[in-house]
Amino acid sequence: MPELELWSYTFRRSNLVELAAAGAAAGFACVTTTPALNTRTAAEFEGLRARVEDHGIRVTFIDGLCTALPGTNLPPGEPTLDDCIAMAHATGAGAINVVHATGVPTPITALADAFAVACERAAAQDLRLAIEFLPDTGIP
């Protein structure tokens, strides 16, 4: 039987531990999280994974790394790949979702090259990357 996964954007005003509690109460096995949810959960990641797992939930993805690809128009301070790697290790997530939000059309070769570099860095940390194609973003 497939596991149910609760997408973190379902509860935008909750922190990660609250999301895990809601997911567990509704029968979900796992949740995704965002860099913003992690920031709202605690300034430090100490004990975060255990607090989530106390609800019988595991984290699968850090969802929305927007700075790994060229051609994005993001304000300063957006989480980096290194930030998301730290979040993944702290939460037990095995993967990071890369998006090209707010981006301008960018040559596919430039996107592919940047994604390959990010994949190599993630793989060195025993993590996977996924890429999400969003309508009206920089990936045609």
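This is a short dialogue on reading salt bridges, a β-α-β unit and one helix in a predicted model.

Me: What should be settled before reading this model?

Reply: The model is predicted, so local features need pLDDT of at least 70 and side-chain atom pairs count only at pLDDT 80 or more, while totals for chains, interfaces and linings use all residues. Residues are numbered from 1 along each chain as its sequence is written, and side-chain values use heavy atoms, with hydrogens and water left out.

Me: How many salt bridges does a search of the whole structure find?

Reply: A salt bridge is a side-chain nitrogen of Lys or Arg within 4 Å of a carboxyl oxygen of Asp or Glu. The search finds three.

Me: Which residue forms a salt bridge with Glu3?

Reply: Arg58 does, with the closest N and O atoms 2.8 Å apart. Glu3 sits in the segment before strand S1 (5-6) and Arg58 in strand S3 (residues 58-65), so this pair links distant parts of the chain, 55 residues apart. Helices (H or I, at least four residues) and strands (E, at least two) are DSSP runs, numbered from the N terminus.

Me: Where do Glu53 and Arg49 lie?

Reply: In general, an α-helix has 3.6 residues a turn, so residues three or four places apart point the same way. Here both residues belong to helix H3 (residues 48-53), four residues apart, about one turn of the helix. Their side chains meet in a salt bridge of 2.9 Å, N to O.

Me: What does Asp82 pair with?

Reply: Asp82 forms a salt bridge with Arg121, the closest N and O atoms being 2.2 Å apart. Asp82 lies in helix H4 and Arg121 in helix H5, so the pair ties together parts that are 39 residues apart in sequence.

Me: Is Asp82 buried or exposed?

Reply: Buried means under 20% relative accessible area, exposed over 50%, and partly exposed in between (1.4 Å probe, protein chains only). Asp82 is partly exposed, at 48%, and Arg121 is partly exposed, at 38%.

Me: Which residues of helix H4 are buried?

Reply: In H4 (residues 81-91), the buried residues include Leu81, Cys84, Ile85 and Met87. Gly92 follows H4, and its phi is positive, near 85°.

Me: What do S4, helix H5 and S5 make?

Reply: A crossover is right-handed if, with the strands pointing away from the viewer, the path from the first strand over the helix to the second runs clockwise. S4, H5 (residues 108-123) and S5 make a right-handed β-α-β unit.

Me: How many bridges join S4 to S5?

Reply: Two strands pair if DSSP finds at least two bridges between them. Five bridges join S4 (residues 95-99) to S5 (residues 128-132), and the strands run parallel. Asn97, for one, has Ala130 as its bridge partner in S5.
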